[in-house]
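User: Hey, I'm new to this one. Can you walk me through it?
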Amino acid sequence: PREYFFGPQDICSFDYFIFDKVSRQQVLAQYNLLVASELLKEGSARVFENDVVVILKNNKAGGDCIEERSF
């Protein structure tokens, strides 16, 4: 169903998180790295990283993986 792919999603239900480390807008890449850093503190595990991307495994899939707040 279309609703499965579009609209609000709970990222804590995802098995993996993929973050770009580079962007035309450097502030977006910095934000990605900030969120990735917070997810690592909350129990996610780094499974791959290079100069362009970092991939994290969500060890708490379906649970609370990050506290809702403003950065």
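Analyst: Sure, we'll go through the rings, the core and one helix. This is a predicted model, where local features need pLDDT of at least 70, side-chain atom pairs count only at pLDDT 80 or more, and totals for chains, interfaces and linings use all residues. Residues are numbered from 1 along each chain as its sequence is written, and side-chain values use heavy atoms, with hydrogens and water left out.

User: How many aromatic pairs are there?
Analyst: The structure has one. Phe-17 and Phe-19 have ring centres 6.4 Å apart and planes at 40 degrees, so they make a tilted pair. For Phe, Tyr and Trp (its six-membered ring), a pair needs centres within 6.5 Å; planes under 30 degrees apart are stacked, over 60 edge-to-face, and the rest tilted.

User: Are Phe-17 and Phe-19 buried or exposed?
Analyst: Phe-17 is buried at 5% relative accessibility, and Phe-19 is buried at 10%. Buried means under 20% relative accessible area, exposed over 50%, and partly exposed in between (1.4 Å probe, protein chains only).

User: Which residues are in the largest nonpolar core?
Analyst: Nine residues: Cys-12, Phe-17, Phe-19, Val-35, Ala-36, Leu-39, Val-54, Leu-56 and Cys-65. A nonpolar core is a set of buried Ala, Val, Leu, Ile, Met, Phe, Trp, Tyr and Cys residues joined through side-chain atoms within 4.5 Å.

User: And which element gives the most to this core?
Analyst: That's α2, with three residues. Helices (H or I, at least four residues) and strands (E, at least two) are DSSP runs, numbered from the N terminus.

User: What does Phe-19 touch?
Analyst: Leaving out residues up to four places away in sequence, its contacts (heavy atoms within 4.5 Å) include Asn-32, Val-35, Ala-36 and Leu-39, along with Val-52, Val-53, Val-54 and Leu-56.

User: Back to α2. Which of its residues are buried?
Analyst: Ala-29, Val-35, Ala-36, Glu-38 and Leu-39. What covers them includes β1 and β3.

User: What about Leu-28, where is that?
Analyst: Leu-28 is in helix α2 too, but it is partly exposed, with a relative accessible area of 49%.

User: What comes after α2?
Analyst: Gly-43 follows α2, and its phi is positive, near 115 degrees.

User: Last one: what sits over the ring of Tyr-16?
Analyst: The charged end of Lys-57, 5.7 Å from the ring centre. To count, NZ of Lys or CZ of Arg must be within 6 Å of the ring centre and within 35 degrees of the ring normal.
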